[in-house]
Amino acid sequence: MTKQDIVKYGDPILRKFTSRVIKFDKSLRKLVEDMFETMYANEGVGLAAPQIGVSKRVLVVDVDYPSKRYIDEQTKKEVTTYNSMVLINPVIIQKEGQIISKEGCLSFPNVYFDVIRFKKIAVKYQDLFGKERRLLAEDDLLCRCIQHEIDHLDGKLFVDKPSDEAEMKKNLQEAGFGSVSSPPPAVLIG
Ligand SMILES: [Zn+2]
């Protein structure tokens, strides 16, 4: 596994619509390993392939990682529980409701603001072996995180969905980011 550099906002790859994964081969497994290595090293709960410079529809998530690190009483060592998930070619097939909560993004260091998301989603995706799977998420970190990462695959970023634009602009400015560009036009995918 190799830790990769995180692509920061301003790099055009973050605004590109990514391509579908067709081959479920060794190079895909290597990409996913690198994504996990990079996500954990940066203490993120999710990462999309464009964030390490690969314009493909691949994302990794582990929403338990930050909350499940603790010091073992006996050994006095840090213990970590992993709950890693890989979603290839994910598509939101059902969505309803609305939630607003604070989000950050590894491509925007030190920027946090309220973002609007669906409250409940059903997602269709493929696993590392190309098998089709589905998942439901509602009103939790997983639900928001998957929406954030799928947006990355469409060239959309959390700066496109603030609940309070003034709050977002202030945060961006304080973190050294200037004005933000628009997402690419919508593309239909199956
Ligand atoms: Zn992000």
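Q: Which residues of helix α3 are buried, and which are exposed on the other side?
A: This is a predicted model, in which local features need pLDDT of at least 70 and side-chain atom pairs count only at pLDDT 80 or more, while totals for chains, interfaces and linings use all residues. Residues are numbered from 1 along each chain as its sequence is written, and side-chain values use heavy atoms, with hydrogens and water left out. In α3 (residues 165–174; helices are DSSP runs of H or I with at least four residues, strands runs of E with at least two, numbered from the N terminus), the buried residues (under 20% relative accessible area; exposed is over 50% and partly exposed in between, with a 1.4 Å probe and protein chains only) are E167, M168, N171 and L172. On the other side of α3, the exposed residues are A166, K170, Q173 and E174.

Q: How wide an arc do the buried residues of α3 cover around the axis?
A: The buried residues in question are E167, M168, N171 and L172. They are on the same side of α3 because the arc, taken over the directions from the helix axis to the C-beta atoms, is only 130°.

Q: Which residues are the protein donors of the zinc ion?
A: Donors are N, O and S atoms within 2.8 Å of the metal (3.2 Å for Na, K and Ca), and sites may look incomplete because water is not among the atoms. The spacing of the donors along the chain is C-x42-H-x3-H. At 2.0 to 2.3 Å from the zinc ion, the protein donors are C105 (SG), H148 (NE2) and H152 (NE2).

Q: Which parts hold C105 and H148, and how many residues apart in sequence are they?
A: C105 counts as buried at 10% relative accessibility, and H148 is buried at 6%. C105 belongs to strand β6 (residues 99–105) and H148 to helix α2 (residues 141–153), so the pair ties together parts whose separation in sequence is 43 residues.

Q: How many bridges link β6 and β7?
A: A hairpin of two residues joins β6 to β7, and S101 stands opposite V115 in β7. Two strands pair if DSSP finds at least two bridges between them. For β6 and β7, which pair in the antiparallel sense, the number of bridges is six.

Q: Which element gives the most to the lining of the second largest pocket?
A: A pocket is an open set of points on a 1 Å grid over the protein atoms alone where a 1.4 Å probe fits, with protein on both sides within 12 Å along at least five of seven lines; lining residues have an atom within 4 Å of a point. Of the 21 lining residues, the closest to the centre are V45, E103, G104, C105 and L106. At least two lining residues come from each of β6, β7 (108–117) and α2. With six residues, the element that gives the most is α2.

Q: What is the phi of N89, and is the residue buried or exposed?
A: N89 lies in strand β5 (residues 85–96). Its phi is near 50°, a positive value in a residue other than glycine. With a relative accessible area of 4%, N89 is buried.

Q: What is the relative accessible area of D139?
A: D139 is placed in the loop between β9 (132–138) and α2. Although D139 is not a glycine, its phi is positive, at about 55°. D139 is partly exposed, with a relative accessible area of 43%.
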